[in-house]
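Colleague: Could you take me through a close look at one hairpin, and then place it beside the other parts worth knowing? I am new to this structure, so please explain each term as you go.

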Amino acid sequence: MSQKSSRIPGFYKLTVEERLEKVSQFAELNEEEKLCFLKNGDLSLAIDKEIADRMIENVIGIYELPLGIATNFLINGKDYLIPMAIEETSVVAAASNAARIARVRGGFEAEASDQVMIGQVQLLHVPDIEKAINNILKARENLLEVANRQDKVLVSLGGGAKDIEIRKLGENEMLVVHLLVDVKDAMGANAVNTMVEAIAPLLEEITGGKARLKIISNLADRRLARARAVFDKEAMGGEDVVDAFLEGYRFALLDPYRAATHNKGIMNGIDAVAIATGNDWRAIEAGAHAYAARDGTYKPLTRYWKDDDGNLVGEIELPIAVGVVGGAVSIHKKAQICRKILGVKTAKELAMILASVGLAQNFAALLALSTVGIQKGHMELHAQNIAVMAGAKGDQIDEVAQRMIKEGKIRLDRAKELMKELYG
Ligand code: MEV
């Protein structure tokens, strides 16, 4: 069998059907799976009305996003086509472009820690804090056992509650107990929340305090993913471009206003893959931004420097809590097919992919910002969007968009005028 490659030159020039055919060959999708993407508007194969009605409350319909495929990704020596669900122009193209440049020097090297989540129990009105801490430590085994009784399947897979940590907050105002749970291939919120609720009465008994909140922490700093890539200086446009890039990066290091936007760009990529794979992107967002501020100042989640040959090295590290089993991940048919396209079987591998995409997205944004600016890349699709807003259909969309680009006037009023001029 020939080696699969995510390097598909001209992918963007194909029709939607031709692209789907390429992806189907790559991921060996069957006819039913292909149909699921082709039947626009008919979601009977993704989530139907009944499933949607059971997923959330007060359902009136299903809301869709465009699903694109980022090409060129080579992560730990394996080729990936990356499904991204996102409404924003240029994100998919930018990720593909960054992955193409990273590929020149071997692509992304990524790693992820064990999939350990933290569950918190807040203990108030503890009469003797030091004695309580001692008693909790003595009851450690018992607490872990009670927690693990809640999820025998997870324990049988080698996961489950592994450790207890205790923190004092305020001037002895409260004790907070952390339950560390290896959630394996699930996102883990359900498992962890059940466990902390189960150990709370025992903690009250041991400490004489009142257990108030019992809930997972989204600052998942025991569930980190990292990715690194060397971006070839020639492929970037020369060493001057590397220097300009690093000057732009330094801005984010010094200024939280810039760092927020810098990290937003990272999350453009990470969220899009999280959504495509049915994961809770708000949890990842919360974890990412809290991690970015972990030393008291909000910082960029990526680091960049020049290697001895003048190439750019980039690195990202952040908490990524994603699952490949459980919850929406298992219910949503398109999310399942997206995982099949990725070829991922474990949460760890998915986390490594997300970290790599985050780094790629950030690299692409900084490269554009430090050279030609961000608007140039946006122009084409932006103009098409404006044309659609002005009522253009089919071939009219390209015609109106191209004219607006040529004139340098990409505005709704101009699109409307052109629609009138050209089509009456
Ligand atoms: C836009 O969605 C994301 C960027 O603003 C990110 C950045 O500025 O680094 C382009």
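Modeller: In the hairpin of β9 and β10, where 5 residues lie between the strands, Gly-310 takes a positive phi near 90 degrees. The model is predicted, so local features need pLDDT of at least 70 and side-chain atom pairs count only at pLDDT 80 or more, while totals for chains, interfaces and linings use all residues. Residues are numbered from 1 along each chain as its sequence is written, and side-chain values use heavy atoms, with hydrogens and water left out.

The two strands of the hairpin, β9 (residues 302-306) and β10 (residues 312-319), pair in the antiparallel sense over 5 bridges, where pairing requires at least two DSSP bridges between two strands. Within that pairing, Tyr-304 has Gly-314 of β10 as its bridge partner. Element names follow DSSP runs numbered from the N terminus (helices: H or I, at least four residues; strands: E, at least two).

Elsewhere, 4 strands form an open sheet with antiparallel pairing, in the order β5-β6-β4-β7. Its edge strands, each paired on one side only, are β5 (160-169) and β7 (210-217), and from one strand to the next the twist averages 20 degrees. Inside this sheet, β4 (residues 116-124) and β6 (residues 174-182) are joined in the antiparallel sense by 9 bridges, with Val-181 in β6 as the bridge partner of Met-117. Helix α6 (residues 140-148) packs on the sheet and touches β5 and β6, and its direction makes about 125 degrees with that of β5; contact means heavy atoms within 4.5 Å, and angles run from 0 to 180 degrees between N-to-C directions of axes fitted to C-alpha atoms, for helices over the stretch in contact.

The ligand is the remaining part to consider. The residues around the ligand (one heavy atom within 4 Å) include Thr-261, His-262 and Leu-369. A polar side-chain atom of Glu-88 lies 2.6 Å from an oxygen atom of the ligand, and for Arg-258 the corresponding distance to a ligand oxygen is 2.8 Å. An N or O atom in the side chain of Asn-268 is 2.9 Å from an oxygen atom of the ligand. The protein covers 84% of the 300 Å² of accessible area that the ligand has on its own, as found by the Shrake-Rupley method with a 1.4 Å probe. Two or more residues of the shell come from each of α11 (256-276) and α15 (347-370), and the largest share, 6 residues, is from α11.

How values were computed:
A polar contact is a pair of N or O atoms within 3.5 Å; within protein, one must be able to donate a hydrogen and the other to accept it, and residues adjacent in sequence count only if both atoms are side-chain atoms.
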